Amino acid sequence: MLDIKLIREEPEFVRQQMAALQDADAPVDRVLALDEERRHLLTKVEDLKARRNTESKRIGQLMREGNREEAETLKAEMSGVGDQIKLFDDRLRVIDEELFDAMSRIPNLPLPSVPVGKDDSENVVVRTEGTPRTFDFEPRPHWELGEALGIIDFERGVKLSGSRFYVLKGLGARLQRALITWMLDVHIGQGYDEVYVPFVVREQCLFGTGSLPKFAETLYRDIEDDLWLIPTAEVPVTNLYRDEILPAGSLPIKHVAYTPCFRRERMSAGRDVRGIKRGHQFDKVEMVKFVEPEQGEAELDSLVADAEEICRLLAIPYRVVQMCTGDLSFVAASKYDLELWSPGVQEWLEVSSCSLFTDFQARRANIRYRPEEGAKPRHVYTLNGSGLALPRVVIAILETYQQPDGSVTVPEVLRPYMGGVDVIR
RNA sequence: GGAGGGAUGGCCGAGUGGACUAUGGCGGCUGUCUUGAAAACAGCUGUGGCAGCAAUGUCACCGGGGGUUCGAAUCCCUCUCCCUCCGCCA
């Protein structure tokens, strides 16, 4: 949610930013019209209420004095005022709802540092680290390696739950579990506090992070209890402090959480159907930060660095890509993706998205802090980044560390987490 | 799943239709006294919207939403959450 004052005072600037975001549907003009009508009605209805408050007090006073007739006259008069107030209040309620709906459909504004571009073709590769391994044999894709090693079972996954589900077995399951534990440990070492959170949440949490109302069709939902499966740990972790005013001195707050993620992938039907790249259920270790506005951009840089550390320690080549305005998500003001090179599928796999949301989520979720004791509350800035998304890291490991005989060497850093196993065969 | 009891300010807790501008206490802040501190005493105390350059004014908020009434913390409906007892359960 943007600050409505900004839209009211700088409408031309906001329109211009919407154009840069390639968002032609953002209802800026509607917000302006509704806002004006709302304020007009507010002053009218509040005058009426002020009058009713004073006159009602007088009625009480007259009744105590035993002056029945005058009290009754005033009552009759106030009854009419009450009817008017009700009319205005009803109208206001409708306007408020419409305004809220319009406001919640306007995306966040990009930072000035974000390159302007029309779509993902104009994203900027900021840096590439590591050299892709050279093979003296044809590297195979992970689905061949995984099936041959008996560590990925696609058919039984489909039997259990349908397409885009799979089963990890033996050292495959163990590799994933090792990665989760190891990545959590690395991020804890970087100063993040681990949290374990619910995997189903109320609707309000999804609104807070910006997943609703716009992306409802990508989410799984339990109708009976009106709970939603989380599409990312970002949702429960960011909402930890929903409707709170954090006391002075509590920022920055840095959390790391392991959760599964559930996505219907209806937008991507038919894409990436082979292998484990895009499933309905996947695991992720996620970092979430709550910081003071002044620290926003610096905290984004350090968030990217914290996620990069995982790639670096795994010794897998990766690159950092900055999203241009046309490819920013609805809620992000600035965003970097981390992509691991995977030689079997011959592509850069997106394993992390690190975003700064400025105060956009904090407004929607009502998360504030006190800069100093006794000072007025301000909205925090929120950030999050995967560190990292699992199946794709598993893909990159299998494909990068594969041997001519189809076995896979276990990256050095993971061996202590695998009970000393150094090769999957 | 069944029965019952609750939700009031940073915290405890009173308040069953008008003096509530929410009693009282604790905590916190400021001041007086003191070399300093404690104690005592006095004053202050939340969030947001709208109007205004500002001082300020005004409205809303007693778990959420709706209703009754001239007037609601108080009465009615509804939802959420918490607690107690019983049953079931990894």
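The paragraphs below walk through a few places in this predicted model, from a small sheet to single residues and an enclosed space. Residues are numbered from 1 along each chain as its sequence is written, and chains are lettered from A. In this predicted model, local features need pLDDT of at least 70 and side-chain atom pairs count only at pLDDT 80 or more, while totals for chains, interfaces and linings use all residues, and side-chain values use heavy atoms, without hydrogens or water.

We can begin with a sheet. Strands of a sheet pair through backbone hydrogen bonds, either parallel or antiparallel. Here three strands, in the order E8-E14-E15, make an open sheet with mixed pairing; strands (E, at least two residues) and helices (H or I, at least four) are DSSP runs numbered from the N terminus, and two strands pair if DSSP finds at least two bridges between them. Strand E8 (244-246) and strand E15 (378-379) are at the edges with a single partner strand each, so one side of each has no neighbour in the sheet. E8 pairs with strand E14 (residues 367-369) in the parallel sense over three bridges, and Glu244 has Ile367 of E14 as its bridge partner.

Leu21 belongs to the loop between helix H2 (11-20) and helix H3 (28-65). With a relative accessible area of 11%, Leu21 is buried (buried means under 20%, exposed over 50% and partly exposed in between, with a 1.4 Å probe and protein chains only). Apart from neighbours within four places in sequence, Leu21 is in contact (heavy atoms within 4.5 Å) with Pro107, Asn108, Pro110, Thr325, Gly326 and Leu328.

The cysteines come next. A disulfide is a covalent bond between the sulfur atoms of two cysteines, counted here when the two sulfur atoms lie within 2.5 Å, and the structure holds zero of them. The sulfur of Cys261 forms no such bond because the closest cysteine sulfur, in Cys354, is 14 Å away, which is too far. Cys311 is in no disulfide either, its nearest cysteine sulfur, that of Cys354, being 9.3 Å away. Both are buried, Cys261 at 0% relative accessible area and Cys311 at 1%.

Last comes the enclosed space. A cavity is a set of points, on a 1 Å grid over the protein atoms alone, where a 1.4 Å probe fits but cannot get out, and its lining residues have an atom within 4 Å of a point. There is one cavity of 30 Å³ or more, and the largest holds about 30 Å³, a volume being the space filled by probe spheres set on the points, which are joined across faces, edges and corners. Its lining consists of Pro132, Arg133, Phe135, Pro317, Trp341, Pro343 and Thr400.

How values were computed: On a 1 Å grid over the protein atoms alone, a cavity is a set of points where a 1.4 Å probe fits but cannot get out, and a pocket is an open set with protein on both sides within 12 Å along at least five of seven lines; lining residues have an atom within 4 Å of a point.
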